[in-house]
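This report looks at how a pair of helices pack, how one further helix is placed, and which parts of one chain meet its partner.

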Amino acid sequence: MDLVLRVCLLVLLLDAPWFWFQRVPLQLVSGLGLLWPAFARDARSWALLTVLTSWPLFWNWPFSDNHDYLRAFTALSVTLALTCAEPQRALRTSARLLIGGTFFFASLWKLVLSPDWLDGTFFRVTLLSDPRFHDLAVLLGGASWETLDAFDTALTAFLSTGSGWPGAFVEPPGLRPLALALTAFTALIETGIAAAFLWPRLARVRNVLLIAFGATTFAFATVRGFGFLLMTLGLAQCEEDERRARIAYVATLFLIEAYRSVPWSRMLIDALGLS
Amino acid sequence: MHRLPPRVERRALVAPLLLVTLALAQLAGSAAFRLSPWKGGGFGMFSTNDQGGLRSVRVLELSAGGERRVALPQALERLQSHVREAPQRSNLERLAAELRRGTEGLGRLRVEVWGTQFSPVDLAPERVLVARFESR
């Protein structure tokens, strides 16, 4: 339990909200918990952390990202678990259901509700328009920087000036297969995680799937906060005897940080002469 | 199989139940007033191109002679972003009211929120109307 509390506090400290008046109090309380173990084990400290992670959701409405909500749910889970007779067990249950619920709704949106995800259109556009995916588009999609710039310029003009779309834009041939591969991979792993965490019969593959998701998805989609929280919840739901899984969750958490702070994909692009 | 004491079980379910409740509320908001699937705690991020960044807000002044586009001042940028993400009637109304407050003599206004749909064939974007409100 202590390891989970420490990792959770570290995550709250490292990935706090954007505005300083929301971030600083949260970092102060999280830092205090890291330095003073008794404070970290007190449900009242976590109640305070729950308040500090929750009120920005109201203040920032509707701009908060999904992981901002997950952060507040995580703090609430720890608070309530610490008031239980068996805190570790209660937190394990909460963490498992939070992961399952997150991936259930993520899969529902992607596979059922979205009109442009399943056919690969979402990833084709995202690879071209979202700078976080540009390295992937160049490395595996055969896109050139000129193509990405041309798409960006045309889309910006389309959105801001109301101009038309230049008919001359040609999608790189490798982009569609890459988008379809990403779509298939995401569909399989996200529905797999939802099923594994919500259906006890698939419990054996829970850790493998969630760690694989963390180690692959966040290599490009550098939504650090979401990755951190998922690995923390993964760690929290481990059974007593799953020591290797616990180590893997913590290692993957640091890997997610490394993905963000080391420009590895740009270095690879340079090494391959694709720049 | 050993069962958890009921009290422990119930407390452990509070946060997951909140997650489900909020995600369902977000689904309802998305259906009712086109709340962006990326926002609101429904876990729809990275599921669609229908997001605030690909939506735009247009305000038109309507008169007998036709319609003219009204420029949105920098001061209303946050409200404009709010309208893009959550284009519910009250937000569109508020944007029109704030515009009137800053610009004297404005006539009938129409606030429109447009989204972007990409062709699955050649990715050519097309504007689609997300929400519209007319204020007198």
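In this predicted model, helix α7(A) passes helix α10(A) in a right-handed crossing. The axes of α7(A), residues 121-129, and of α10(A), residues 175-198, come within 8 Å and cross at roughly 120°. On the side of α7(A), the contact is made by F123(A), R124(A) and L127(A), while α10(A) brings L175(A), R176(A), L178(A), A179(A), L182(A) and T183(A). Sorted by class, this contact of α7(A) with α10(A) holds six nonpolar residues, one polar residue and two charged residues.

Helix α5(A), residues 66-82, offers a check on its geometry: at 1.5 Å a residue its 17 residues should span 24 Å, and because its end C-alpha atoms are 25 Å apart, the expected and modelled values agree. This helix is also mostly covered, as 17 of the 17 residues of α5(A) are buried.

Turning to the contact between the chains, 40 residues are taken from chain A and 37 residues from chain B. On the side of chain A that touches chain B, α5, α6 (87-113), α7 and α9 (145-161) each supply at least two residues, and α6(A) gives the most to that side, with twelve residues.

The classes of residue in the two contacts are set out below.

| Contact | Nonpolar | Polar | Charged |
|---|---|---|---|
| α7(A) with α10(A) | six residues | one residue | two residues |
| Side of chain A that touches chain B | 23 residues | nine residues | eight residues |

Notes
Residues numbered from 1 in each chain as written. Chains lettered and ligands numbered in written order. Predicted model: local features only at pLDDT ≥ 70, side-chain atom pairs only at ≥ 80, totals over all residues. Axes fitted to C-alpha atoms, helices over the stretch in contact; angles between N-to-C directions. Helix = DSSP H or I, 4+ residues; strand = E, 2+ residues; numbered from the N terminus. Left-handed = near helix turned anticlockwise from the far one by under 90°. Contact = placed C-beta atoms within 7 Å. Nonpolar A, V, L, I, M, F, W, Y, C, P; charged D, E, K, R; others polar. Expected span 1.5 Å × (residues − 1). Buried ≥ 20, exposed ≤ 12 C-beta atoms within 10 Å, placed from the backbone.
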